[in-house]
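Work through the exercises below with the model open. Each task is followed by its solution.

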Amino acid sequence: MEFFDQLSMPTVLKRRARSNRISLRVNEEGLRINAGKHIPTTEIDKFVLKKTAWINKQWRKYELVMNEDGCLHLGELKPPEFFENNDLESFYRNETKRIIEGLLEIHNENNEYGINKVFIKGQKTRWGSCSSAGNLNFNWRLAMAPTEVIEYVVIHELCHRIEMNHSKEFWRLVQEKCPEFKKHKAWLKRNQSRLSI
Ligand SMILES: [Zn+2]
């Protein structure tokens, strides 16, 4: 497979019996590709190569952590130390915007969820929200969270385009796209106090 030569991080391909899609996840262990059993490898190749820029961007954050002192509790991202407070907010705002846009490219390809606009906001009580007009709001502090948690928030808000509530059906949709969502939900709850930073 061509992409194995193109990428610099450890890469695992998992074939899924009950899926007909391809999804990518980058964490500190590298890239994990989940793909339905019947998807031809050429198609996986094409998909992964198309996302190379995004994958490398995500991976760079983890590489950075490995060179650091290892006490980063807020996630992978650490702003430059010379930042003043105001700059800090704009730093996180830009990072959050960049990360969310990358995730939407993957999870809302061709705007299948009918998203209108995406806003980065500073609400003190929520990490994300979705309006009935199809606008998504994300908290600028999200960039402080681990990437898989941000991904969960994006998936959560996208699923609200189908189910505008927290019904059983809603959580089923979330779980389908994000099998470990309970872990990420717990992270957000634990770090709720960060919202007042
Ligand atoms: Zn919700």
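**Exercise 1: a helix pair**

Task: determine the hand of the crossing of α5 and α6.

Solution: The crossing of α5 and α6 is right-handed (the near helix is turned clockwise from the far one by less than a right angle). This is a predicted model, where local features need pLDDT of at least 70, side-chain atom pairs count only at pLDDT 80 or more, and totals for chains, interfaces and linings use all residues. Residues are numbered from 1 along each chain as its sequence is written, and side-chain values use heavy atoms, without hydrogens and water.

Task: list the residues that make the contact (heavy atoms within 4.5 Å).

Solution: Start with α5, which supplies Tyr152, Ile155, His156 and Cys159. Then take α6, which supplies Phe170, Trp171, Leu173, Val174 and Lys177. Now sort by class: seven are nonpolar, one is polar and one is charged. Here Ala, Val, Leu, Ile, Met, Phe, Trp, Tyr, Cys and Pro count as nonpolar, Asp, Glu, Lys and Arg as charged, and the others, Gly among them, as polar.

Task: classify the packing angle of α5 and α6.

Solution: Helix α5 covers residues 147-159, and helix α6 covers residues 168-177. They pack at about 140 degrees, with axes 9 Å apart. The two helices are therefore oblique (neither under 35 degrees, nor over 145, nor 65 to 115).

**Exercise 2: one helix and its chain**

Task: state how many residues of α5 are buried (under 20% relative accessible area, 1.4 Å probe, protein chains only).

Solution: For α5, 13 of its 13 residues are buried. Across the 197 residues of the protein chain, 46% count as buried.

How values were computed: Axes are lines fitted to C-alpha atoms, for helices over the stretch in contact, and angles run from 0 to 180 degrees between N-to-C directions. Helices (H or I, at least four residues) and strands (E, at least two) are DSSP runs, numbered from the N terminus. Buried means under 20% relative accessible area, exposed over 50%, partly exposed in between (1.4 Å probe, protein chains only).
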